Amino acid sequence: MGRRVFTLSFDDGVRQDARVIELLQKFGLKATFNLNSGLFGACLDLGPAQNHVRHERWRAEEVSGVYAGMEVAAHTCTHPDLKTLSRVRILEEVVGDLLRLSDLVGYEVVGMAYPGGPPNYNGEVVRVIRENTRVCYARGFRSTHRFDLPADFLTWHPTAHLLDPDLDRLLDDFAEAEGDAVCYLWAHSYEFDVHSAWDRAEQIFARLARSGGVCQTNREVFCSFPPRDR
Ligand SMILES: [Zn+2]
């Protein structure tokens, strides 16, 4: 009998995360939140194509309270395209974020999600992070529609976006999976505003809670499946 685990993450550290956390807690779930410490307090309107939803980030002093009980992870300081940066600038963006966030939350932040659209990293970015930082896992962008463990946790691609049109079928497959199965779902919480999808989010969380899988943060998944298991 394999281990069936699901893990969730949300990017950018915006105010809608509070509503996600409230819903997660209703079902006894938790998630990982990837924050940009150089952009705390920034606020913008996403424009007409996204229903003028507000993309407003938490302020530094709010972070430890908002994300208590959840995992905080890095997303770089200022959300740049890492592929365009020098080695030193990549390290400033990644390590700077890890250190600031660790200081805010009071534990060592060890994971991240690469910022920006696909492809949001390349071999050089991964090499710089692997050789120079304590990052244990880093999430990419491409939906795999699979439940296997990543061959390399620094290029960990999710199973699907939470609003993937195939999600119900994937969750059916997850419930039937044999052997070790990790279902990794992600989104930005503001997307539930853009698509008026809060009911859908609640439905998915309810389904996951009933799935028979164990809910883990990204970090817990990394720790649950040490290299000898992979
Ligand atoms: Zn982002």
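Start by selecting Asp 11 and Asn 34 in this predicted model: Asn 34, in strand β2, is the bridge partner of Asp 11. Now show the whole of β1, residues 4–11, beside β2; the two strands run parallel and are joined by 3 bridges. To get from β1 to β2 the chain passes through helix α1, residues 17–26, and this β-α-β crossover is right-handed.

**Strand β2**

Stay on β2, residues 32–35, and display its side chains. Thr 32 and Asn 34 lie on one side, Phe 33 and Leu 35 on the other, and all are buried, so both faces of the strand are covered. In a regular strand, side chains alternate between the two faces of the sheet. Next add β5, residues 71–74, which runs parallel to β2 and is joined to β2 by 4 bridges. Select Phe 33 and look for its bridge partner in β5, which is Val 72.

**Helix α1**

Go back to α1 and select Asp 17, Val 20, Ile 21 and Leu 24, the buried residues of this helix. Viewed down the axis of α1, they fall within an arc of 100 degrees and so line one face. An α-helix has 3.6 residues a turn, so residues three or four places apart point the same way. Turn to the other side of α1 to find Glu 22 and Lys 26, which are exposed. The cover over the buried residues of α1 includes β1, β2, α2 (63–66) and α7 (198–209). Just after the helix, select Gly 28, which has a positive phi of about 70 degrees.

**The nonpolar core**

Which residues touch the most other members of the largest nonpolar core? Select Phe 33, Val 72, Ala 138 and Cys 183; the core they belong to has 54 residues. Strand β9, residues 181–187, gives the largest share of this core, with 7 residues. Then center on Ala 138: beyond its neighbours within four places in sequence, its contacts are Gly 111, Met 112, Ala 113, Tyr 114, Ile 129, Leu 154 and Trp 156.

**Helix α4**

Ile 129 leads to α4, residues 123–132, where Val 125, Val 128 and Ile 129 are buried. Their arc around the axis is only 95 degrees, which puts them on the same side of α4. On the other side, select Gly 123, Arg 130 and Glu 131, which are exposed. Among the elements covering the buried residues of α4 are α3 (87–105) and β7 (137–139).

**Three backbone stops in loops**

Select Pro 118 and Pro 119, which are joined by a cis peptide bond with omega of about -10 degrees. Pro 119 is in the loop between β6 (111–113) and α4.

Move to His 79, in the loop between β5 and α3. His 79 is not a glycine, but its phi is positive, at about 60 degrees. Is His 79 exposed, partly exposed or buried? His 79 is partly exposed, with 17 other C-beta atoms within 10 Å.

The last loop stop is Ser 196, between α6 (190–194) and α7. Its phi is also positive, near 45 degrees, in a residue other than glycine. Ser 196 has 9 other C-beta atoms within 10 Å and is exposed.

**Zoom out**

Finally, show the whole chain, with its 8 helices and 10 strands. Its radius of gyration is 17 Å, close to the 17 Å that the globule rule gives for 230 residues, so the chain is as compact as a globular protein of that length. Its C-alpha atoms fill a box of roughly 45 × 45 × 35 Å along the principal axes. Color by burial, and 39% of the 230 residues are buried.

Terms used: Residues are numbered from 1 along each chain as its sequence is written. This is a predicted model: local features need pLDDT of at least 70, side-chain atom pairs count only at pLDDT 80 or more; totals for chains, interfaces and linings use all residues. A residue is buried if 20 or more other C-beta atoms lie within 10 Å of its own, exposed if 12 or fewer, and partly exposed in between; C-beta atoms are placed from the backbone. Two strands pair if DSSP finds at least two bridges between them. A crossover is right-handed if, with the strands pointing away from the viewer, the path from the first strand over the helix to the second runs clockwise. The radius of gyration is taken over C-alpha atoms; the globule rule is 2.2 Å times the number of residues to the power 0.38. A nonpolar core is a set of buried Ala, Val, Leu, Ile, Met, Phe, Trp, Tyr and Cys residues joined through C-beta atoms within 7 Å. Two residues are in contact if their C-beta atoms, placed from the backbone, lie within 7 Å. The arc is that of the directions from the helix axis to the C-beta atoms.
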